[in-house]
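Visitor: I should like a close look at a single part of this structure. Please choose one loop residue and follow the chain outward from there.

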Amino acid sequence: EIVTNLLDLARLEAGRIELVMQPLDLGALVQATAREFRPLFQNANQQLTVIIAPDLPAALCDETRAFQILGNLLSNASKYTQRDGQIDLRVDLMQESGEIQVS
């Protein structure tokens, strides 16, 4: 998986991956990704809390790549959080810039 991600990054930087940019409900994608990764957190007895701002506009992004990024974020969160730990995944709208922040 790491090799695939690195190859994708190299292709993207070389301009050989074309992103399919479209308006997307990022909150729904975050929820779907979190559901898919729940077994990982359950196996480590980790608590995942997803907090999504209620006023999110549609995000212009590539759904496949956004899912990949979110999956990497959640995988790393589990890997670097102790057993029985707490992980918070937040999606907020930055009022000043209008950008969406995932943390």
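Guide: Asp84 is exposed, because its relative accessible area is 52%; exposed means over 50%, buried means under 20%, and partly exposed lies in between, using a 1.4 Å probe and protein chains only. The model is a predicted one, in which local features need pLDDT of at least 70 and side-chain atom pairs count only at pLDDT 80 or more, while totals for chains, interfaces and linings use all residues. Residues are numbered from 1 along each chain as its sequence is written, and side-chain values use heavy atoms, with hydrogens and water left out.

Asp84 sits in the loop between H3 and S4. Here helices (H or I, at least four residues) and strands (E, at least two) are DSSP runs, numbered from the N terminus. The phi of Asp84 is near 70 degrees, a positive value in a residue that is not glycine. Asn45, in the loop between H2 and S2, likewise is not a glycine and has a positive phi, of about 55 degrees. Asn45 counts as partly exposed because its relative accessibility is 46%.

Among the partners of Asp84 is Gln46. Gln46 also belongs to the loop between H2 and S2, but it is buried, since its relative accessible area is 8%. Apart from neighbours within four places in sequence, Gln46 is in contact (heavy atoms within 4.5 Å) with Phe41, Ser78, Thr81, Gln82, Asp84, Gly85 and Ile87. The side chains of Gln46 and Ser78 are joined by a polar contact of 2.8 Å. Such a contact is a pair of N or O atoms within 3.5 Å; within protein, one must be able to donate a hydrogen and the other to accept it, and residues adjacent in sequence count only if both atoms are side-chain atoms. The Gln46 side chain also reaches the backbone oxygen of Thr81 at 2.8 Å.

Ser78 leads to helix H3, where it is buried together with Ala66, Gln68, Leu70, Gly71, Leu74 and Ala77. H3 covers residues 63–79, and its 17 residues should span 24 Å at 1.5 Å a residue, which agrees with the 24 Å between its end C-alpha atoms; the expected span is 1.5 Å times one less than the number of residues. At the N-terminal end of H3, Asp62 acts as a cap, with a side-chain oxygen 3.0 Å from the backbone nitrogen of Thr64.

On the other side of the loop that holds Asp84, one comes to strand S4. In a regular strand the side chains alternate between the two faces of the sheet. Strand S4, residues 86–93, follows this pattern: Ile87, Leu89, Val91 and Leu93 point to one face and are buried, whereas Gln86, Asp88, Arg90 and Asp92 point to the other and are not.

S4 also has partners. Strand S2 (residues 47–52) pairs with S4 in the parallel sense over 6 bridges, where pairing requires that DSSP finds at least two bridges between two strands. In this pair Gln47 stands opposite Gln86. Strand S5 (residues 100–102) pairs with S4 in the antiparallel sense over 3 bridges, and Asp92 stands opposite Gln101 of S5. The hairpin of S4 and S5 has 6 residues between the strands, and Gly98 there takes a positive phi near 80 degrees.
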